[in-house]
Amino acid sequence: AEDSDAAAAAQPIGAAACRACHALEADHWTPTIHGRLAASPRSDAQARGCEGCHGPGSRHLADPKDPASIVAFTRGSRAAIEVQNEMCLACHAGGPRIHWPGSMHERQDLACSDCHNPMAETSAQGLLTKRDVNETCLRCHPQQRTELRRRSHMPVLEGKVACSDCHDPHGSATDPLLRADTVVDLCTSCHAD
């Protein structure tokens, strides 16, 4: 609560002040969907640019070495994972994330930034931390990577199927995060026989 109280006392400083010290990060961020939205904002949060996600920057500007002066989206951040995720979910709630609360990944204390990198376009879509969905998922699921190397397997490693074709990483009504009510329903949605 102390970190959130201190962050609440901070004042906005504007994206130009952020860019003065974080030019490389700003250059990587500008072409992303978030950067493009900040350039042509449709909401107050989008108009705040950097501070729309990281919170007001006056305390960070006064003491850049204080890790509690701004919300950082890393494992070493002083901001709790719940706080980091709340920042993301302020704009990205509902829709495909409707089952995030209580999902397997939320219960494992995953931060949005464990799978997504909103600061750079590392992937073709979804601002993932790795090149594609499969690389992102298999980074934390080594057993599944091993199973996919068996003789009979889903063609995930070949790039013909993505983990997210069958599983919803943001949560679902089923325990293994299936995109259908049952395994049979899921399989028959692509395989009639």
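## Cysteines, core and salt bridges

A search of the whole structure, which is a predicted model, finds 0 disulfides. Cys50 is in no disulfide, and the nearest cysteine sulfur, that of Cys18, lies 4.1 Å away. A disulfide would need the two sulfur atoms within 2.5 Å. Cys137 is likewise in no disulfide; the nearest cysteine sulfur there belongs to Cys163, at 4.2 Å. As for solvent exposure, Cys50 has a relative accessibility of 23% and counts as partly exposed.

Cys163 also appears in the largest nonpolar core. This core has 5 residues, the others being Leu138, Leu148, Val156 and Val161. Leu138 touches Gln144, Arg145, Leu148 and Leu157, leaving aside residues up to four places away in sequence. Leu148 is thus both a member of the core and a contact of Leu138.

The charged side chains come next. A search of the whole structure finds 7 salt bridges. The table gives three pairs, including the N to O distance for each.

| Basic residue | Acidic residue | N to O distance |
|---|---|---|
| Arg19 | Asp27 | 3.4 Å |
| Arg59 | Asp66 | 3.3 Å |
| Arg75 | Asp114 | 2.4 Å |

In the salt bridge between Arg19 and Asp27, Arg19 is partly exposed, with a relative accessible area of 36%. Asp27 is partly exposed too, at 48%. Arg59, which pairs with Asp66, is partly exposed, with a relative accessible area of 23%.

Where in the chain do Asp114 and Arg75 lie? The salt bridge between Asp114 and Arg75, with its closest N and O atoms 2.4 Å apart, links distant parts of the chain. Asp114 is in helix α10 (residues 112–115), while Arg75 is in the loop between α7 (58–62) and α8 (81–92). The two residues are 39 residues apart.

Is Asp114 buried or exposed? At 17% relative accessibility, Asp114 counts as buried, because the cut-off for buried is under 20%. Arg75 is exposed, with a relative accessible area of 56%. The pair therefore joins a buried acidic residue to an exposed basic one.

Salt bridges also occur as a network, in which Arg131, Asp132 and Glu135 are linked.

Technical notes
Residues numbered from 1 in each chain as written. Predicted model: local features only at pLDDT ≥ 70, side-chain atom pairs only at ≥ 80, totals over all residues. Heavy atoms only, no water. Buried < 20%, exposed > 50% of the residue type's maximum accessible area, 1.4 Å probe, protein only. Core = buried A, V, L, I, M, F, W, Y, C linked by side-chain atoms within 4.5 Å. Contact = heavy atoms within 4.5 Å. Salt bridge = Lys/Arg side-chain N within 4 Å of Asp/Glu carboxyl O. Helix = DSSP H or I, 4+ residues; strand = E, 2+ residues; numbered from the N terminus.
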